[in-house]
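Welcome! Here is a short briefing to read alongside the model, with the main points sorted by topic.

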Amino acid sequence: MSRRLGDTSRPSTALLGRHILWIDKHFDDLYHSSRTQKQRRLLCRAALVNVVAWLGWLRAAEAFGLDWPDMEVTEPHLGPTVGLPVNRGVVRLRLQLQTKSDRTRQADVILAYTSATGLSVGKWYHRLRRALGGIPLGPEAVFRHDDGTVWTSHYYRTNHLLPLLHLQRMEGDPFLAAFDGSPGNSLEAKFYSMHSYRRGGRSHVSRKREHCPRKAEPQEVMEHGRWRRQRAGFDMPTQYLEWTLLDRIALTLFCM
């Protein structure tokens, strides 16, 4: 942990579930009022970052390194074809070189098509595809400007996340109200990386939340968060676990 964060560094402040839901609704409202495909593409990309980073606990390089072939979507009505209950879809993300290059390997991150709180990766995925014309897309970045420039963490936070956190603060959000803009205590200083999504998502599942049937189990957290450990570091029952797709979707389906 010291190597990752430093002995005295302060990690980026964790976002709360209500912040993510507010942002998702804000983008949804803007989407319905947008008049051009260019506007829709921008909104859909930003909204998709918001839900994928939150539900997937993605690091910046993982989120903005996604290409279209790295996202595999199974529609809810086809859930039984992949071993899921009826009307349960899934989104599979391939983050590592091994899984990107070998389609027979398990995807790195498994997300519910729609989470317990109603966040839908599938909805924004299809909206973005429609805004792009619905044509087959090759190995190009999902999160990019129309000129082909790939988005970065700094771009997304500066142009989307932070302005929307400021709006929530102005509306009276009690958590964000504490960040008054004084030196070292601004929203920009506290939410300075995409780690705010990863920390927030991990914290969210530590308790049973509204609209969520339960909190996450420790083994689900380890699997979903991709915190790699030597097998010897697990107890024997954990070492023998072999996760099915239904097992791996449970965290976002029931806890987020």
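**Helix 7 and its surroundings**

In helix 7, the buried residues (under 20% relative accessible area, 1.4 Å probe, protein chains only) are Ser153, Tyr155, Tyr156, Arg157, His160, Leu161, Leu162, Leu164, Leu165 and Gln168. Please keep in mind that this is a predicted model, where local features need pLDDT of at least 70, side-chain atom pairs count only at pLDDT 80 or more, and totals for chains, interfaces and linings use all residues. Residues are numbered from 1 along each chain as its sequence is written, and side-chain values use heavy atoms, leaving out hydrogens and water.

**Shape of helix 7**

- Helix 7 covers residues 153-170, and its 18 residues should span 26 Å at 1.5 Å a residue, which agrees with the 24 Å between its end C-alpha atoms.
- That expected span is 1.5 Å times one less than the number of residues.
- At Leu161 the helix bends by about 35°, and Pro163 follows within four residues.
- The bend is the angle between axes fitted to the seven residues ending at a residue and the seven starting there.
- After helix 7 comes Gly172, with a positive phi near 105°.

**Packing partners**

- The buried residues of helix 7 pack against helix 2 (17-33), helix 3 (37-56), helix 4 (60-64), helix 8 (174-177), helix 9 (187-190) and helix 10 (195-204).
- Contact here means heavy atoms within 4.5 Å.
- Helices (H or I, at least four residues) and strands (E, at least two) are DSSP runs, numbered from the N terminus.

**Loop residues with positive phi**

- Asn87, which is not a glycine, has a positive phi of about 65°.
- Asn87 lies in the loop between strand 1 (71-74) and strand 2 (90-93).
- Asn87 counts as exposed (over 50%) because its relative accessibility is 54%.
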